[in-house]
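The following paragraphs lead the reader through one protein structure, helix by helix. Please keep the sequence and the model in view while reading.

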Amino acid sequence: MKDRAPVPPPHPAKDITEHVGYRLKKASAALRGAMDKALREHDLTVPQYSCLELLDEQPGLSNADLARGTFVTRQSANVVLRGLKDAGLITQATSTDHGRALPIHLTAAGQQRLHAARSAVYAIEQRMIRSIPARRMTALLADLDTMAEALGS
């Protein structure tokens, strides 16, 4: 086997735990774990909760819109939406006046479930950001958006 030249890190780091990607993944895993636990009490998964939030903000979204908004494939979104529909939390039109996308809406039960779950999720986010000074929040969000855009999202 040939000796290979070491690949320099993208920024000074003593080990992998100091890489930005590692830290983002660690934060993401911690957030997902906390949300999974909290949402279990509301009989929801993280993707289901995300769909309910998006539909509350933008009623009438399509399957494709919800897949993009929740960062899952269309096939995964279909499974998520089937579970929400079976639970009586959403309704989907059977036809539309224009296009092929069938709009989806929250039911009254969906609104109630979202409201109950939202308190738990917002408490998690509050716990997560509590130690970040408010004056840095705008910059943090902008930096995260810039990183996502740099990768083509």
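**Helices, their buried sides and the loops between them**

Thr70 lies in helix α3. The model is a predicted one. Is Thr70 buried or exposed? Its relative accessibility is 11%, and because buried means under 20%, Thr70 counts as buried. Leaving aside neighbours within four places in sequence, Thr70 is in contact with Pro47, Ser50, Cys51 and Leu54. The C-alpha atom of Thr70 is also separated by 8.9 Å from that of Gln48, a residue 22 places away along the chain.

The loop between α3 and α4 contains Phe71. Phe71 is exposed, with a relative accessible area of 76%. Its phi is positive, near 60°, in a residue other than glycine. As background, most residues other than glycine have a negative phi.

Beyond this loop, helix α4 comprises the 13 residues 74–86. At 1.5 Å a residue, α4 should span 18 Å, and its end C-alpha atoms are indeed 18 Å apart, so the expected and modelled values agree. Which residues of α4 are buried? They are Ala77, Val80, Leu81 and Leu84. These residues cover an arc of only 95° around the axis, which puts them on the same side of α4. The spacing can be understood from helix geometry: an α-helix has 3.6 residues a turn, so residues three or four places apart point the same way. On the other side of α4, Gln75, Val79 and Asp86 are exposed. The buried residues of α4 pack against two helices, α2 (46–57) and α3 (63–70), and against the strands β1 (90–92) and β2 (104–106). After α4 comes Gly88, which has a positive phi near 75°.

The packing of α3 on α4 can be described further. The two helices pack at an angle of about 105°, and their axes are 9 Å apart. Because angles of 65 to 115 degrees count as roughly perpendicular, α3 and α4 are roughly perpendicular to each other. From α3, the residues Asn63, Ala64, Leu66, Ala67 and Arg68 meet Arg74, Ala77, Asn78 and Leu81 of α4. By class, this contact has 5 nonpolar, 2 polar and 2 charged residues. Ala77 and Leu81 of α4 take part in this contact, and both are among the buried residues of that helix.

Helix α1 can be read in a similar manner. It has 21 residues, 20–40, for which a rise of 1.5 Å a residue predicts a span of 30 Å; the end C-alpha atoms are 30 Å apart, which agrees. The buried residues of α1 are Ala34, Met35, Ala38 and Leu39. They lie on the same side of α1, because the arc that they cover around the axis is only 125°. Lys25, Lys26, Lys37 and Arg40 are exposed on the face of α1 turned away from its buried side. What do the buried residues of α1 pack against? Their partners are α2 and α5 (108–129).

Asp43 is found in the loop between α1 and α2. Asp43 has a positive phi of about 55°, although it is not a glycine. Its relative accessible area is 61%, and because exposed means over 50%, Asp43 is exposed.

Conventions
Residues numbered from 1 in each chain as written. Predicted model: local features only at pLDDT ≥ 70, side-chain atom pairs only at ≥ 80, totals over all residues. Heavy atoms only, no water. Helix = DSSP H or I, 4+ residues; strand = E, 2+ residues; numbered from the N terminus. Expected span 1.5 Å × (residues − 1). Buried < 20%, exposed > 50% of the residue type's maximum accessible area, 1.4 Å probe, protein only. Arc of directions from axis to C-beta. Contact = heavy atoms within 4.5 Å. Axes fitted to C-alpha atoms, helices over the stretch in contact; angles between N-to-C directions. Parallel < 35°, antiparallel > 145°, perpendicular 65-115°, else oblique. Nonpolar A, V, L, I, M, F, W, Y, C, P; charged D, E, K, R; others polar.
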